[in-house]
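Trainee: I have a protein model open on my screen and I'd like to learn how to read it. Could you walk me through it?

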Amino acid sequence: MRYSAWKIFTEGLSGNRGWTKLWREPEPKPDYDIVIIGAGHGMAAAHYLAKTFGIRNVAVLEKGWLGSGNIGRNTTIIRSNYLLPENEPFYEFSLKLWEGLEQDVNFNAMVSQRGILNLCHSDPQRDAFARRGNAMKLAGADAVLLDQDRLRKMCPYLDFDNARFPIRGALWQPRGGTVRHDAVAWGYARSASSLGVDIIQNCEVTGFRIENGICRGVETTKGPIGARKVVACVAGSSGKLMSLAGMRLPIESHVLQAFVSEGLKPVLPGVITFGAGHFYVSQSDKGGLVFGGDIDGYNSYAQRGNLPVVEDVCEGGMAVMPFIGRARLLRMWGGLMDMSMDGSPFIDKTHIEGLYFNGGWCYGGFKATPASGYCTAHLLAKEEPHPTAAGFRLDRFRRGQVIDEKGAGAQPNLH
Ligand SMILES: Cc1cc2nc3c(=O)[nH]c(=O)nc-3n(C[C@H](O)[C@H](O)[C@H](O)COP(=O)(O)OP(=O)(O)OC[C@H]3O[C@@H](n4cnc5c(N)ncnc54)[C@H](O)[C@@H]3O)c2cc1C
C-alpha cells in the first residue's frame with residue numbers, strides 16, 4: 001500500500017477500513033540467503049538489500065520488539081559535523097540519505113533539518129571548530145562559524161557572559177536536526193517487509209552454526225535458521241553475541257541515558273550542544289526538551305541509568321541555559337551502548353566465512369542509521385566495503401590505523 005494525501009482522503013470517506021498492518025509477521029523459514037541479527041541498523045540494511053541490491057530472501061531476527069533497542073531510545077539528533085576523513089564522508093552520505101528517506105520508504109519519519117549548534121567557549125576551541133567546519137565543507141557538507149552576536153540573536157537565553165564557561169560563538173550545521181526515532185524503525189520495516197523481507201520479533205539468537213570455519217546459520221529461541229550469510233547488528237549486545245562465535249571485540253557495553261522535560265512553548269531553534277562539558281538538547285514537536293550527556297561510565301547490560309549521571313547532565317544544562325532549571329523532568333530511560341576503543345564503528349567481515357559484523361556506534365549511531373544500513377548491504381551484496389565505510393575495519397587497531405575523532409585515546413568511556 002502506498003501512503004499519499006489521496007489515500008488519506010479516500011480512507012476518510014470509507015471509514016478508514018482499508019489500512020493494512022505496517023509489516024507482515026511470518027514464521028521463520030528454515031533457510032535464507034541472509035540473516036540479519038538486530039532490528040536497528042539491521043532493519044535499514046534489510047531495506048537497502050531488498051530495494052537497492054535486489055536481495056530479498058532475507059530475515060531480520062530481533063530478540064525484543066521492533067524499536068526496543070537504541071533505534072527507539074536515542075535523543076534523535078542527526079548531523080554530519082565530523083573532522084576526520086574516515087568519518088566525514090560517511091556521515092555526510094548518511095545525512096543525504098536522511099534527506100530522501102521519507103520518499104524512499106514512503107513513510108513520515110518527521111525528518112526535521114532545524115540545525116545543530118556546537119557552542120564554543122574559548123579561542124582555541126573556536127579555532128578547532130573552524131578547522132572542523134573546513135573539513136566538513138571539503139566533504140560537501142554545510143558549516144557556518146557564528147560569532148557571539150549572531151548566536152545571541154538565535155538564542156538570547158544562553159548564558160553568554162556570567163557562566164563558568166562563557167559562550168564565544170558556535171559551529172552551526174543548518175542541515176543537521178532531528179528525526180522521530182521509532183518512525184525510522186517502522187518506516188524501514190514497512191518498506192523491507194513489502195519487498196519480501198521477513199521480520200521475526202521476539203526471536204533471540206542464542207548461537208551460531210559454524211562448520212569448518214564457515215557460518216551456516218544461527219540457533220534461535222524459535223529454532224535453528226540456516227543462512228548463506230549472517231550479519232550481527234546488536235549494539236551493546238555485540239560482545240555477548242560475538243563471544244558465541246568465539247570472538248573478542250574492541251568494544252565495551254555501557255549505559256547511556258536520555259531525558260525529556262515537560263512540554264514548553266517553542267524555545268530552541270534546533271539542537272544545541274555544550275562545548276565545555278557533555279550536554280546536548282533539542283525540543284520535540286510536543287514541546288518537551290529532549291536531552292542527554294555522558295554515559296554512566298561503567299560496564300553494564302541494564303537499559304536504565306543511575307542518579308549521579310542525572311545530576312551531571314542537569315548541571316551541564318544549567319551551565320548553558322539556566323532557564324532549564326525551571327522545567328520539570330518528565331521521563332528518562334537508558335540504552336545499551338557499544339563503545340569502541342577509538343569511538344568509531346565497524347562494518348566488516350569477520351575471520352569466519354559468511355559471518356559479518358556491524359557495531360561500535362557509541363553515542364552517534366542513530367544519525368548513521370541510513371548509511372550504516374546501506375554500507376552493510378553493500379558489503380553483503382558485493383563482498384567489498386562501500387568507499388565511505390572503508391576505514392571501519394575490525395583489524396584497524398592491529399594496523400595502527402585508529403579513527404579517534406576526539407583524540408581522546410583508547411578508552412571507550414572518553415569517546
Ligand atoms: C539514550 C541514547 C541517546 C542517543 N542519542 C543519539 C543521538 O541523538 N544521535 C545519534 O546519532 N545517536 C544517538 N544514540 C546512539 C544510537 O541510538 C545508537 O548508536 C544506534 O541506534 C545503534 O544502532 P544499532 O542498530 O547498532 O542498535 P539497536 O538499535 O540497539 O539495535 C540492536 C538490536 O539488536 C537486538 N539484539 C541484541 N541481541 C540480540 C540477539 N542475541 N538476538 C536478536 N536480537 C538481538 C536488540 O534487541 C536491539 O533491538 C543514542 C543512544 C542512546 C542509548
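Mentor: We'll go from domains to helix packing, and then to single residues. Keep in mind that this is a predicted model.

Trainee: Let's start big. Into which domains is the protein divided?

Mentor: Domain 1 is made of three stretches, 25-76, 181-250 and 342-414, while domain 2 takes 112-177 and 252-340. Their C-alpha centres lie 28 Å apart.

Trainee: How many residues of each domain are in contact with the other?

Mentor: On the domain 1 side there are 22 residues, and they are in contact with 20 residues of domain 2. Sorted by class, the domain 1 side of that contact has 13 polar, 7 nonpolar and 2 charged residues.

Trainee: Now the helices. What do people use to describe two packed helices?

Mentor: The angle between the axes and the distance between the axes. Try it on H2, residues 41-51, and H6, residues 181-194: their axes come within 9 Å and cross at roughly 35 degrees. The crossing is left-handed.

Trainee: Which residues of H2 and H6 meet there?

Mentor: H2 brings Met-43, Ala-44, Ala-46, His-47, Ala-50 and Lys-51, and H6 brings Ala-185, Tyr-188, Ala-189, Ser-191 and Ala-192. By class, the H2 and H6 contact comes to 8 nonpolar, 2 polar and 1 charged.

Trainee: And how do H2 and H9 pack?

Mentor: H9 covers residues 369-382, and its axis is 7 Å from that of H2, at an angle of about 55 degrees. That angle is why H2 and H9 are called oblique to each other. The crossing of H2 and H9 is right-handed.

Trainee: Which residues of H2 and H9 meet?

Mentor: From H2, you have His-41, Ala-44, Ala-45, His-47, Tyr-48 and Leu-49. They meet a list in H9 that includes Thr-369, Pro-370, Gly-373, Tyr-374, Ala-377 and Leu-380. The H2 and H9 contact has 9 nonpolar and 6 polar residues, with no charged ones. Look at Ala-44 and His-47 of H2: they are named in the contact with H6 and in the contact with H9.

Trainee: At what angle do the axes of H3 and H9 cross?

Mentor: Roughly 105 degrees, with the axes coming within 7 Å. H3 and H9 are therefore roughly perpendicular to each other. Phe-90, Phe-93, Ser-94, Leu-97, Trp-98 and Leu-101 of H3 make the contact with Pro-370, Ala-371 and Tyr-374 of H9. The tally for H3 with H9 is 8 nonpolar, 1 polar and no charged.

Trainee: Okay, on to burial. How do I tell whether something is buried or exposed?

Mentor: Count the other C-beta atoms within 10 Å: 20 or more means buried, 12 or fewer means exposed, and in between is partly exposed. For helix H1, residues 5-13, the number of buried residues is 0 out of 9, so H1 lies largely in the open.

Trainee: Is Thr-20, in the loop between H1 and strand E1, buried or exposed?

Mentor: Thr-20 counts as exposed because it has 9 C-beta neighbours inside 10 Å. Its C-alpha is 7.6 Å from that of Met-1, and the two are 19 residues apart along the chain.

Trainee: What about Arg-326 and Arg-175: which is buried and which is exposed?

Mentor: Arg-326, in the loop between H8 and strand E16, has 8 other C-beta atoms within 10 Å, so it is exposed. Arg-175 sits in the loop between strands E6 and E7, and with 20 such atoms it is buried. Setting aside residues up to four places away in sequence, Arg-175 touches Leu-95, Gln-113 and Asp-142.

Trainee: Last one: backbone angles. Where should I look for positive phi values?

Mentor: Gly-15, just after H1, has a positive phi of about 75 degrees. Two residues other than glycine to check are Met-110, with phi near 55 degrees, and Cys-362, with phi near 50 degrees.

Trainee: Where are Met-110 and Cys-362 found?

Mentor: Met-110 is in the loop between H3 and strand E4, and Cys-362 is in the loop between strand E18 and H9. Met-110 has 15 C-beta neighbours inside 10 Å, so it counts as partly exposed. Cys-362 has 23, so it counts as buried.

Conventions
Residues numbered from 1 in each chain as written. Predicted model: local features only at pLDDT ≥ 70, side-chain atom pairs only at ≥ 80, totals over all residues. Domains from an automatic or database assignment. Contact = placed C-beta atoms within 7 Å. Nonpolar A, V, L, I, M, F, W, Y, C, P; charged D, E, K, R; others polar. Axes fitted to C-alpha atoms, helices over the stretch in contact; angles between N-to-C directions. Helix = DSSP H or I, 4+ residues; strand = E, 2+ residues; numbered from the N terminus. Left-handed = near helix turned anticlockwise from the far one by under 90°. Parallel < 35°, antiparallel > 145°, perpendicular 65-115°, else oblique.
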